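Q: Could you take a close look at one part of this model for me, and walk me through the side chains there and who they pair with?

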Amino acid sequence: LSGRRALWLIMAMMPIVYGLFVLPLAQRRWPPRLVWQGWGGVILLSAGVFLALKMLFDLSLERMFAFLLSGFPAGNPAGNPAGDLATSLRSLQADALLRGWLASPWFGHGHGAAAHVVRSETMPWAYELQYLAMLFHTGIVGTLLYAGCIGWVYWQGLRAIRTSPAHGRILLPLLVGLTCFLIANATNPYLLKFDSMWTVFLPLAVINRFLIETDAKRLAL
């Protein structure tokens with residue numbers, strides 16, 4: 001799921017992710033009838049946009065879906081001589097990282113370690129499969145610690161959305177964007193780059209502001 005495949009996937013999933021965040025909150029503030037009417041309007045609008053794109057640009061869901069499937073080894077036709085190089089490399093990485101992780105499952109091999117498949121000679125520790133690489137480097141313990149930090153961001157972010165409309169208007173799109181970014185990061189090494197980490201730390205900054213203001217109001221009482 002490299003490149004455009006990851007982009008298309010998260011674009012298709014974004015309304016679903018948004019719904020998972022906003023639907024429980026909307027049902028608390030508005031009658032269920034209005035909530036479902038709103039979703040019906042969104043579906044009709046999406047269908048209208050798709051039909052317009054199909055008429056203007058010959059958009060084909062069939063071609064897009066076939067291209068998405070070609071990102072998986074089973075999706076490449078056996079007679080295709082070129083195949084998908086990125087897919088085959090990711091398959092080799094997955095096998096090497098999993099085998100390396102099984103050799104040290106709890107604490108991993110440490111940051112900077114490389115499996116028997118080396119993706120880059122200048123950065124042998126870098127792999128596209130970010131979460132498998134994390135498991136290989138830090139093991140189950142380290143991966144759970146990282147996951148716990150991200151889970152805390154979601155927990156506090158949803159708490160802020162429920163209790164503070166001012167912060168919620170900012171955090172809702174940030175959390176949806178973070179979720180889509182983390183999905184794409186599974187097969188593309190975005191978080192290895194320092195200038196991509198703002199997707200995690202921007203929601204954290206808003207959450208910190210929310211916690212500071214909450215504590216200040218509590219002390220004022």
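A: Sure, let's start with a pair inside one helix: Arg 99 and Asp 95 both sit in helix H4, four residues apart, which is about one turn of the helix. Keep in mind that this is a predicted model. The two side chains form a salt bridge, with the closest N and O atoms 3.0 Å apart. Arg 99 counts as exposed, because its relative accessibility is 54% and the cut-off for exposed is over 50%. Asp 95, at 37%, is partly exposed.

Helix H4 runs over residues 85–103 and also holds Gln 93. Gln 93 is buried, with a relative accessible area of 0%. Leaving out residues up to four places away in sequence, Gln 93 touches Arg 119, Tyr 127, Glu 128 and Leu 129.

Two of those contacts of Gln 93, Arg 119 and Glu 128, are worth following, as their side chains meet in a salt bridge at 2.8 Å, N to O. Glu 128 is buried, with a relative accessible area of 11%, whereas Arg 119 is partly exposed at 34%. In general, side chains of opposite charge can pair when their charged atoms come close.

For context, the count for the structure comes to four salt bridges. Another of them joins Asp 215 to Arg 218, with the closest N and O atoms 2.7 Å apart. Asp 215 and Arg 218 both lie in helix H7 (residues 198–220), three residues apart, again about one turn of the helix. Asp 215 is partly exposed at 39% relative accessible area, and Arg 218 is partly exposed at 48%.

Note on methods
Residues are numbered from 1 along each chain as its sequence is written. This is a predicted model: local features need pLDDT of at least 70, side-chain atom pairs count only at pLDDT 80 or more; totals for chains, interfaces and linings use all residues. Side-chain values use heavy atoms; hydrogens and water are left out. Helices (H or I, at least four residues) and strands (E, at least two) are DSSP runs, numbered from the N terminus. Buried means under 20% relative accessible area, exposed over 50%, partly exposed in between (1.4 Å probe, protein chains only). Contact means heavy atoms within 4.5 Å.
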